[in-house]
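Please read the following note with the sequence and the model side by side. Each point may be checked by selecting the residues it names.

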Amino acid sequence: MRLEFRIRMWVFTWAGLAWASIGCWDALGQNVETVPTLGAPLKVMSFNIRYGTAGDGDNHWNQRRELVAETIELFSPDLLGVQEALDFQCRFLQAKLGGHEFFGRSRELDPESGEFCGIFFRRERFERVDSGHFWLSERPDEPGSSSWDSALPRMVTWVRLRDRLSDNAEFVFANTHFDHRGEEARLRSAELLRQRLVDDRDVPLVLTGDFNCGFQSDPYNALVAGSGEGPAPLLDSYHSIHPAPTGQEGSFSSWRGATDGPRIDWVLHSQELTALSADIDHTRQQGRFPSDHYPVRAVLKIKLPGVTQ
């Protein structure tokens, strides 16, 4: 079947293993900054694939799973974070994405029963050095725990990777899904995530997720704005490339192609990386969408050590 796309222009600068200096471009092809960088770009995707047992009628998982896989494969991410993925959905994507290694578990006490914040990473490029999970609660090391006004257990899954195409540089890739009801829980989750992964780290960080809140919300600011003193804890790849909000950046499609809501799905990264491109993927097939969320995408690159701009 023919796929219809509304995809922004991408600019890719592929580098070898040596140091490189590249330009970062906006959607109009204008050079917006030049940052000395290391190695090859990182193609990152965050995708809430909608849990596969939902009563979605014509949008049921069995009717759209091939489109989900095609949408991912067309972008061919190096790093993919999925949300709302049940065990059988993760296994389906593992089979489809044969060049990727998977890491994840359920947010519930039973590691296979419930939704995953699963991670896929390109096997030939990356070596997994370390990995783990923690729960977004007052007992983060207790599987299945929840706190505050959270309606459900929520968690973070992370891997520490060694990048063979970037002079064996290491970084952490993390993926999460904040609570859909608990306003306090979302803010506390952002604070806990920052404490555990952002403030006390020794390598760059890439963070994907469905945060269930929008640009400049309190949880967003806890991760991106920080205290206002010194550099921002994390950078928002989409906002870096598209600094002027248009009001048509919603990432929850409602199955009908809506774009007017908040952008609740993000690709964030630490100061040691720079964004080359970022967009929201509106792929559809005969007017139908792969999920009730749009996947969000970014191309990042590791900066030369010591570069702060």
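The points below concern a predicted model and pass from the whole chain to single residues.

1. Overall content. The protein contains five helices and 13 strands. Of its 309 residues, 55% are buried. Among contacts with a separation of 6 or more, 73% join residues that are 24 or more positions apart.

2. Confidence. How far the coordinates may be relied upon should be considered before any detail. The mean pLDDT of the protein is 89, and 87% of the residues score at least 70. Strand β3 (residues 79-83) has the highest confidence, at 99, whereas strand β1 (residues 19-25) has the lowest, at a mean of 41. Over residues 1-32 the pLDDT stays under 50, although the model has 91 contacts beyond four places in sequence for these residues.

3. Helix α1. Does the length of this helix agree or disagree with what its 15 residues should span? Helix α1 covers residues 61-75, and at 1.5 Å a residue it should span 21 Å; the end C-alpha atoms lie 20 Å apart, which agrees. Its buried residues are Trp61, Arg64, Leu67, Val68, Ala69, Thr71, Ile72 and Phe75. A general rule helps in reading such a list: an α-helix has 3.6 residues a turn, so residues three or four places apart point the same way. Just after α1, Ser76 adopts a positive phi of about 55 degrees.

4. Helix α3. With 16 residues (183-198), helix α3 reaches 21 Å from its first C-alpha to its last, close to the expected 22 Å. The buried residues here are Ala185, Arg186, Ser189, Ala190, Leu192, Leu193, Leu197 and Val198. Which elements do the buried residues of α3 pack against? They pack against four strands, β6 (126-135), β7 (155-163), β8 (169-177) and β9 (205-210), and against helix α4 (218-224).

5. Cavities. The structure holds three cavities of 30 Å³ or more. The second largest has a volume of about 50 Å³. Its lining consists of Ser237, Tyr238, Arg263, Asp265, Trp266, Val267, Ala278, Asp279, Val296, Arg297 and Ala298. The elements that give two or more residues to this lining are α5 (237-241), β11 (265-269), β12 (273-280) and β13 (296-303). By class, the lining has six nonpolar, one polar and four charged residues.

6. Ala298, a lining residue. Ala298, which is among the residues lining the second largest cavity, lies in strand β13. Is Ala298 buried or exposed? Its relative accessible area is 0%, and because buried means under 20%, Ala298 is buried. Asp279 also belongs to the lining; the C-alpha atoms of Ala298 and Asp279 are separated by 6.5 Å, and the two residues are 19 residues apart along the chain.

7. Glu108. This residue is placed in the loop between β4 (100-103) and β5 (119-122). Glu108 is partly exposed, with a relative accessible area of 28%. Which residues does Glu108 touch, not counting those up to four places away in sequence? They are Ser113, Gly114, Gly144 and Pro153. Glu108 and Gly144 are 36 residues apart in sequence, yet 4.2 Å apart in space, C-alpha to C-alpha.

8. Asp260. The loop between α5 and β11 contains Asp260. At 54% relative accessibility, Asp260 counts as exposed, because the cut-off for exposed is over 50%. Not counting residues up to four places away in sequence, Asp260 touches Gly247 and Gln248. The C-alpha atoms of Asp260 and Gln248 are separated by 4.6 Å, and the two are twelve residues apart along the chain.

9. Positive phi in loops. Two further residues merit a check of their backbone angles. Trp148 is found in the loop between β6 and β7; its phi is near 60 degrees, a positive value in a residue other than glycine. Trp148 is partly exposed, with a relative accessible area of 28%. Ser254 is found in the loop between α5 and β11 and has a positive phi of about 60 degrees although it is not a glycine. The relative accessible area of Ser254 is 26%, which makes this residue partly exposed.

Technical notes
Residues are numbered from 1 along each chain as its sequence is written. This is a predicted model: local features need pLDDT of at least 70, side-chain atom pairs count only at pLDDT 80 or more; totals for chains, interfaces and linings use all residues. Side-chain values use heavy atoms; hydrogens and water are left out. The expected span of a helix is 1.5 Å times one less than its number of residues. Buried means under 20% relative accessible area, exposed over 50%, partly exposed in between (1.4 Å probe, protein chains only). Contact means heavy atoms within 4.5 Å. On a 1 Å grid over the protein atoms alone, a cavity is a set of points where a 1.4 Å probe fits but cannot get out, and a pocket is an open set with protein on both sides within 12 Å along at least five of seven lines; lining residues have an atom within 4 Å of a point. Grid points are joined across faces, edges and corners, and a volume is the space filled by probe spheres set on the points. Ala, Val, Leu, Ile, Met, Phe, Trp, Tyr, Cys and Pro count as nonpolar, Asp, Glu, Lys and Arg as charged, and the others, Gly among them, as polar. pLDDT is the predictor's confidence in each residue, from 0 to 100.
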